[in-house]
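This report covers the fold, the nonpolar core and one helix pair of a single protein.

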Amino acid sequence: MTAISYILVFIVALLAGFGSILDQFEMHQPIITCTLIGIVTGHPMEGLLLGGQMQLIVLGWMNIGAAASPDTALAGVVSSILVCIKGAEISEGIALAIPLAIAGQLLTIFVRTLTVGLGHYADKTAAEGSARGIVVATYVGLAMQGLRIALPALAVLAVPTELVTNALQAIPEWLTGGLNVGGGMIVAVGYAMVINMMATRQNWPFFFLGFALSAISSLNLVAMGIIGLVLAIVYVQIAPQFNNNQNGGTSSGGGSVDDALDAILEDYE
């Protein structure tokens, strides 16, 4: 692998660390980090497959209040380095993702503890009427989060491939099998958490419709996506019409789709 590839992997790791705290561009999500590292290392297919499977595992992970979730950034970056550069199998990268996420969780708690001092520094400079300290504290804290992912990534890159291969082969099959089973169970938990947040009377019909359509073997993911898009468009477009009907045709719009469907369901109850 060329030096440019190593530099690009380092940049992706930095962006993943930034994304884990900014949440704006979701650069820390495995589907993005693994795919980008796969592209810059010449293994886009392996990166995409790894990222897609890992994304299902982390689907329901989120920070709630002061509780930090397992770190998706470190898991995605290091696992993709192992698979795309060090020659590990995709199943091995997935099996190692959860321990790596726990290690990343400890790292992010440590870094966030350090940034408490930066917050006090920013408060002090603000009290003195200077905004420079606030800017410095913000960028230093962001850099610490980026290096939290980039430095472990460099450490894994520096380890000889033969050593990594031997270490992976030394892992007993019962352990990797157990981690794979645990990862599969976490996928179900992640889906359950997302469904629990989205569960409303208006969404349940679409949920069950998706299950029914998935039983049709001739429909691939592209067809399912098109059907979902069409249903979403219809769902949005019918709202003004039902609002007009409910208001005797005098309304020019307004209201929500949920209100419209509530009215429809009440008519059938």
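What share of the 269 residues in the protein is buried? In this predicted model, buried residues make up 33% of the chain's 269 residues. The accessible surface is about 15,300 Å², and carbon and sulfur atoms account for 69% of that area.

The protein contains 11 helices and zero strands. Of the contacts between residues at least 6 apart in sequence, 67% link residues at least 24 apart.

The largest nonpolar core is made of 33 residues, and Leu50, Met54, Val77 and Ile81 have the most contacts inside it. At least two residues of this core come from each of the helices in the table.

| Helix | Residues |
|---|---|
| Helix 1 | 3–22 |
| Helix 2 | 30–40 |
| Helix 3 | 44–57 |
| Helix 4 | 72–84 |
| Helix 5 | 90–127 |
| Helix 6 | 132–158 |

Helix 4 gives the most to this core, with nine residues. Leaving aside residues up to four places away in sequence, Leu50 touches Cys34, Ser79, Ser80, Val83, Ile90, Gly93 and Ile94.

Helix 4 also packs against helix 5, at an angle of about 145° and with the axes 7 Å apart. Their crossing is right-handed. On the helix 4 side the contact includes Leu74, Ala75, Val78 and Leu82; on the helix 5 side, Gly93, Leu96, Leu100, Gly104 and Leu107 are among the residues met. By class, this contact has 12 nonpolar, three polar and no charged residues. Ser79 and Val83 of helix 4 take part in the contact with helix 5, and Leu50 touches both Ser79 and Val83.

Terms used
Residues numbered from 1 in each chain as written. Predicted model: local features only at pLDDT ≥ 70, side-chain atom pairs only at ≥ 80, totals over all residues. Heavy atoms only, no water. Axes fitted to C-alpha atoms, helices over the stretch in contact; angles between N-to-C directions. Helix = DSSP H or I, 4+ residues; strand = E, 2+ residues; numbered from the N terminus. Left-handed = near helix turned anticlockwise from the far one by under 90°. Contact = heavy atoms within 4.5 Å. Nonpolar A, V, L, I, M, F, W, Y, C, P; charged D, E, K, R; others polar. Core = buried A, V, L, I, M, F, W, Y, C linked by side-chain atoms within 4.5 Å. Buried < 20%, exposed > 50% of the residue type's maximum accessible area, 1.4 Å probe, protein only. Areas by Shrake-Rupley, 256 points an atom, 1.4 Å probe, with all protein chains shown as cover.
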